[in-house]
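Hi,

Here is the structure I promised to pass on. Have a look at it first, and then read on for what turned up.

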Amino acid sequence: MARPAPAVDRAVAVLDFLADNPRDAFSLSELARRLDLNKASAHATLNALVDRGYLLRHPVRKDYRLGPRLIAVGEAARDQFPVVEFARAELRRLGEDLGTECVASAPIGDEMVIVDQAGPVRPIGLTVAVGHRFPLVPPMGTIFMAWSTPAEIDQWLERVGPGASEAERDRYRAALAGVRERGWSAGRDGEEYELLLRH
């Protein structure tokens, strides 16, 4: 079992929070309150991140925002997913044509991770940022699971939970078959097109 690393957990919590709010800056007090951190521990964490360029601290307002070192980290991470570069132009075109936010995601372990975003963000409604992670749990992820091995599909279906009926699992299997037959996936609010038809 891995040993706990509270300082690392605090640093990651700060970076995740600021990444979720990239247009805003926050004071030490605000960050400590929002992240439920001890103020002294938060101060030490923020200072360490500023010293290494992961955060910037405004000289007058004394608030914090993401720093330039994260650009290099992000670029290095993006290089691990060359498909993002391939899809970027199409994603931008799709966002412009539809006039709405479009996202590209990839399966990583048992999660789906948003790897790119394009198109106008609606003032009201759910929006996601690059880096957001979601559990790869049915009905989410049909496009990733449709061409998986039977064993991988069974593992995916196990994530529904012990209370799921065999009929519900069959519905998900049918949705995967529909995606394979069409060659694409479409849905609304996390529900695959095939599943919406079967409600």
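Let's start with one residue: does R34 count as buried, partly exposed or exposed, and at what relative accessibility? R34 counts as partly exposed, because its relative accessibility is 46%. Before you read too much into any number here, please keep in mind that this is a predicted model.

A bit more on R34, since we are there. You will find R34 in helix α2, which covers residues 28-34. Leaving out residues up to four places away in sequence, R34 touches F17 and F26. Another residue to look at from here is V14: R34 and V14 are 20 residues apart in sequence, and their C-alpha atoms are 9.7 Å apart in space.

**The overall picture**

The protein has 199 residues, and 30% of them count as buried. Its secondary structure comes to 9 helices and 7 strands. If you take the contacts between residues at least 6 apart in sequence, 38% of them join residues at least 24 apart.

**Helix α1**

Both V14 and F17 from the R34 story turn up again among the buried residues of α1, which are A11, V14, L15, F17 and L18. Looking down the axis of α1, you would see these buried residues fall within an arc of 165 degrees, so they line one face of the helix. What do they pack against? The partners are α2 (28-34), α3 (39-51), β1 (55-57), β2 (64-66) and α4 (69-78).

The length of α1 can be checked as well. The helix runs over residues 6-20, and at 1.5 Å a residue its 15 residues should span 21 Å. The end C-alpha atoms of α1 are 21 Å apart, so the model agrees with that expectation.

**The second largest pocket**

Next, a pocket to look at on your screen. The second largest pocket has a volume of about 1,400 Å³, and 32 residues line it. Those nearest its centre are A19, A129, V130, G131 and H132. Three elements give two or more residues to the lining of this pocket: α1, α4 and β4 (111-118). Which of the elements gives the largest share of the lining? That is α4, with 7 residues. Sorted by class, the lining has 18 nonpolar residues, 6 polar and 8 charged.

**Helix α8**

The other helix I went through is α8, residues 166-182. At 1.5 Å a residue, its 17 residues should span 24 Å, and the end C-alpha atoms of α8 are 24 Å apart, which agrees. The buried residues of α8 are R169, R171, Y172, A174, A175, L176, G178 and V179.

Is R169 buried or exposed? R169 counts as buried because its relative accessibility is 10%, under the 20% cut-off. Setting aside neighbours within four places in sequence, R169 is in contact with L157, E158, G161 and A164.

A177 also sits in α8, but this residue counts as partly exposed because its relative accessibility is 34%. A177 and T142 are 35 residues apart in sequence, yet 9.5 Å apart in space, C-alpha to C-alpha. Following α8 comes G183, with a positive phi near 90 degrees.

**Backbone oddities**

Most residues other than glycine have a negative phi, and most peptide bonds are trans. Here are some spots to check against that background.

- D36 has a phi near 55 degrees, a positive value in a residue other than glycine. D36 lies in the loop between α2 and α3, and it counts as exposed because its relative accessibility is 70%.
- K62 has a positive phi too, near 65 degrees, and is likewise a residue other than glycine. Its place is in the loop between β1 and β2, and K62 counts as partly exposed because its relative accessibility is 38%.
- P138 and P139 are joined by a cis peptide bond, with omega about 10 degrees. P139 is in the loop between β5 (133-135) and α6 (142-145).

That's the tour. Shout if you want to go through any of it together.

Cheers

Notes
Residues numbered from 1 in each chain as written. Predicted model: local features only at pLDDT ≥ 70, side-chain atom pairs only at ≥ 80, totals over all residues. Heavy atoms only, no water. Helix = DSSP H or I, 4+ residues; strand = E, 2+ residues; numbered from the N terminus. Expected span 1.5 Å × (residues − 1). Buried < 20%, exposed > 50% of the residue type's maximum accessible area, 1.4 Å probe, protein only. Arc of directions from axis to C-beta. Contact = heavy atoms within 4.5 Å. 1 Å grid on protein atoms, 1.4 Å probe; cavity = no way out; pocket = protein on both sides within 12 Å on 5 of 7 lines; lining within 4 Å. Points joined across faces, edges and corners; volume = space filled by probe spheres on them. Nonpolar A, V, L, I, M, F, W, Y, C, P; charged D, E, K, R; others polar.
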